[in-house]
Amino acid sequence: MTAAAGVVLATRELPEPFETLKTDFDVRVLGFAPSEKELAALVPGVDALICLVDDPVTADVIHAADRLKIVASYAVGVNQIDRTAAAARNIWVTHTPNVLTDATADLTVGLLLALSRRIVEGDRMVRTGKFAGWAPDLLLGRDLKGKVFGIVGPGRIGRAVARRAKAFGMSVIATGRSPRIEGDPDDPPRVSFDELLRRSDVVSLHVPLTYETWRLFKSETFAKMKPGSFLINTSRGPVIDEVALVQALETGPIAGAALDVYENEPAITPALLDDDRVVLTPHAGSATVETRREMARMVVEDVRRVLTGEKPLRPAPPEKPAR
Ligand code: GLV
């Protein structure tokens, strides 16, 4: 293959397998988070666009492209891409499912333990010299065994989290569109959204960001949650109205929250930063060396396939129309 078989624009450098694209294609790397305007100015002449979770591949960007064949998301989420606009132009949208399921489920469990055993608070206490010795009432947390773990979105990641929560002796329930997998003992029983909110000691979010899940957690939702419960979000920030979350932490009913994603990422609602009952991580669900390398391999594979006339292996599901 010659070096000019296609132009690939990647908004950022990716792990190792990404290099292999450079031998066969004209690969351009931006190296910064582009605005919608910047991306629209850059896509003419580009055959493949590789984007990250928050690169705005809007309809304007898609319309500005003149020979784009694939938008490859270096993520499982594709809410940053206007898939309707892409479909109308016969542009493939691909993503990296499955490979990051375990890494994201592991981080969710890390957040669960951090919340229930106040690990981050404890770390801060020790570092700031406030640990004055063992005490009967020092930083008491909550047991997990026997508690109810509620999963909103029992898809691949939700079910992987369910398996882990069961290992802690929690009973797991779920709500969401994913049909139950018959014969899978780890697939939690389904309940209604309201029942899940009412019964769960911990609610964990594993839904994609869609018109239906945008601000699914707002004041009215928080009002239905069990007093003293915890909320964990490793899905997408805008699923939670952060102002309503701050309110629910201040006046009840919830006792703590662990967030890996934010409504206006990377900006954080200031009140969350000041609350010791809140644990914050930097959108790190898939952030392991092995997972990120495999994600890069998948992106490279699908870009290569599409630019050589084949179908991609991992097309993203079509966008649901707005109501
Ligand atoms: C990360 O958030 C992803 O969607 O892969």
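This is a short walk through one structure, from its sheet to its charged pairs to its backbone oddities. Keep in mind that the model is predicted.

Let's start with the sheet. It is open, has 5 strands, and pairs them in parallel. The order is E2-E1-E3-E4-E5. Which strands sit at the edges? They are E2, residues 26-29, and E5, residues 92-94, and each pairs on one side only. On average, neighbouring strands here are turned by 15 degrees against each other, ignoring direction.

Take one pairing in detail. E1 covers residues 7-10 and pairs with E2 in the parallel sense, over 4 bridges. If you want a residue to click on, valine 8 has valine 27 in E2 as its bridge partner.

Now, what lies across this sheet? Helix H12, residues 289-307, lies across E1, E3, E4 and E5. In sequence terms, E3 is 48-51 and E4 is 70-73. The helix runs at about 175 degrees to E4.

On to charges. How many salt bridges does a search of the whole structure find? The total is 26. As a reminder, side chains of opposite charge can pair when their charged atoms come close.

Three pairs are worth a look. First on my list, arginine 118 and glutamate 121 meet at 2.9 Å, N to O. The arginine 118 side is partly exposed, at 27% relative accessibility. Glutamate 121 has 17%, so it counts as buried, the cut-off being under 20%.

Next, arginine 190 and aspartate 187. Their closest N and O atoms are 3.0 Å apart. Is aspartate 187 buried or exposed? Buried, with a relative accessible area of 0%. Arginine 190 is partly exposed, at 25%.

Then arginine 305 with glutamate 310, where the closest N and O atoms are 3.5 Å apart. Arginine 305 is partly exposed at 22%. Glutamate 310 is partly exposed too, at 40%.

Some charged residues form a network. Glu294, Arg297, Glu301, Asp302 and Arg314 are linked by salt bridges. Recall that H12 spans residues 289-307.

Now the nonpolar side of the surface. Val126, Phe131 and Leu138 make up a nonpolar surface patch, with about 270 Å² of accessible area together. Valine 126 sits in helix H6, residues 119-127. It is exposed because its relative accessible area, 52%, is over the 50% cut-off.

Last topic: the backbone. Most residues other than glycine have a negative phi, and most peptide bonds are trans. Here are some exceptions.

Two cis bonds first. The bond from glycine 252 to proline 253 is cis, with omega near 15 degrees. Proline 253 is in the loop between helix H10, residues 242-251, and strand E10, residues 256-259. The bond from glutamate 265 to proline 266 is also cis, with omega near 5 degrees. That proline 266 lies in the loop between E10 and helix H11, residues 270-273.

Then positive phi. Asparagine 90 is not a glycine, yet its phi is about 55 degrees. Where is asparagine 90? In the loop between helix H4, residues 83-88, and E5. Asparagine 90 is exposed, with a relative accessible area of 68%.

Leucine 139 also has a positive phi, near 45 degrees. This residue is in the loop between H6 and strand E6, residues 148-152. Leucine 139 is partly exposed, at 23%.

That's the tour. Questions are welcome.

Key
Residues numbered from 1 in each chain as written. Predicted model: local features only at pLDDT ≥ 70, side-chain atom pairs only at ≥ 80, totals over all residues. Heavy atoms only, no water. Pairing = 2+ DSSP bridges. Helix = DSSP H or I, 4+ residues; strand = E, 2+ residues; numbered from the N terminus. Axes fitted to C-alpha atoms, helices over the stretch in contact; angles between N-to-C directions. Contact = heavy atoms within 4.5 Å. Salt bridge = Lys/Arg side-chain N within 4 Å of Asp/Glu carboxyl O. Buried < 20%, exposed > 50% of the residue type's maximum accessible area, 1.4 Å probe, protein only. Patch = residues over 30% accessible without salt bridge, like charges linked within 9 Å, V, L, I, M, F, W, Y side chains within 5 Å. Areas by Shrake-Rupley, 256 points an atom, 1.4 Å probe, with all protein chains shown as cover.
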